[in-house]
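Student: Please choose a single part of this model and go through it closely. I would like the geometry and the packing in one connected account, with the cut-offs stated.

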Amino acid sequence: MSSPCRKAKLYKREKLCSKQAIDSIFARDADVTGLRSLLAFPLRTLWREVPLGQAAAPVPQFLISVPKKRLRHAVDRVRIRRLVREAWRLNRARLPAQGRIQIVMIYVAPGLLPYRKVERAVVKIMDTITSALAAGGGEGVSKGGEAGE
């Protein structure tokens, strides 16, 4: 018997946890090709398509970073990570299922924001990435505006 809740689970293969992949995204070298950036307040996003041989999983992978500089208390940082993970889990169908994409979301707001604003930002990020992939990649760096209220 198959449960509909089973598909709503957040799987380990969706999390970007390879140290080598993370280091290559944050490298300051000019040879990092295909890295794109966008801002959907309160999240700044770095993302790239990964060639077929380099992808660890054939699904979009993501990483969430909440700097201590923005939110001093650990409970606040954990709360934001939970909100972003939940928004990702509920809206991941907006991304291509077989896309080999690595996404890093960095929280840039100075304080806590409600789930509604975080979810809007995640949806905007996913829609922008999907449209860029459909358009054949677009330019090297693309920037989005702030998400409305």
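Tutor: The expected span of a helix is 1.5 Å times one less than its number of residues. Helix α3 covers residues 115-134, which is 20 residues, so the expected span is 28 Å, and the end C-alpha atoms are 28 Å apart, in agreement. This is a predicted model, in which local features need pLDDT of at least 70 and side-chain atom pairs pLDDT 80 or more, while totals for chains, interfaces and linings use all residues. Numbering starts from 1 along each chain as its sequence is written, and side-chain values use heavy atoms, without hydrogens or water.

To place α3, start with the whole protein. The protein has 3 helices and 4 strands (DSSP runs numbered from the N terminus: H or I of at least four residues for helices, E of at least two for strands). From the N terminus on, the order is α-β-β-β-α-β-α, and α3 is the helix that ends this series. Of the 149 residues in the protein, 38% are buried (under 20% relative accessible area with a 1.4 Å probe, protein chains only; over 50% is exposed, and in between is partly exposed). Where residues in contact (heavy atoms within 4.5 Å) are at least 6 apart in sequence, 80% of those contacts in the protein join residues at least 24 apart.

Now the helix itself. The buried residues in α3 are V118, A121, V122, V123, I125, M126, I129 and A132. Their packing partners include two strands from earlier in the chain, β1 (36-40) and β2 (43-49). The buried residues of α3 also pack against helix α2 (74-91) and strand β4 (101-107).

I129 serves as a worked example within α3. I129 counts as buried because its relative accessibility is 0%. With neighbours within four places in sequence left aside, I129 is in contact with L38, W47, L95, I101 and I103. Set against the element ranges, L38 falls in β1 (36-40) and W47 in β2 (43-49), while I101 and I103 fall in β4 (101-107). The C-alpha atom of I129 is separated by 9.9 Å from that of E49, although their places lie 80 residues apart along the chain.

Past the end of the helix there is one backbone feature to record. Just after α3, G136 takes a positive phi of about 90°.
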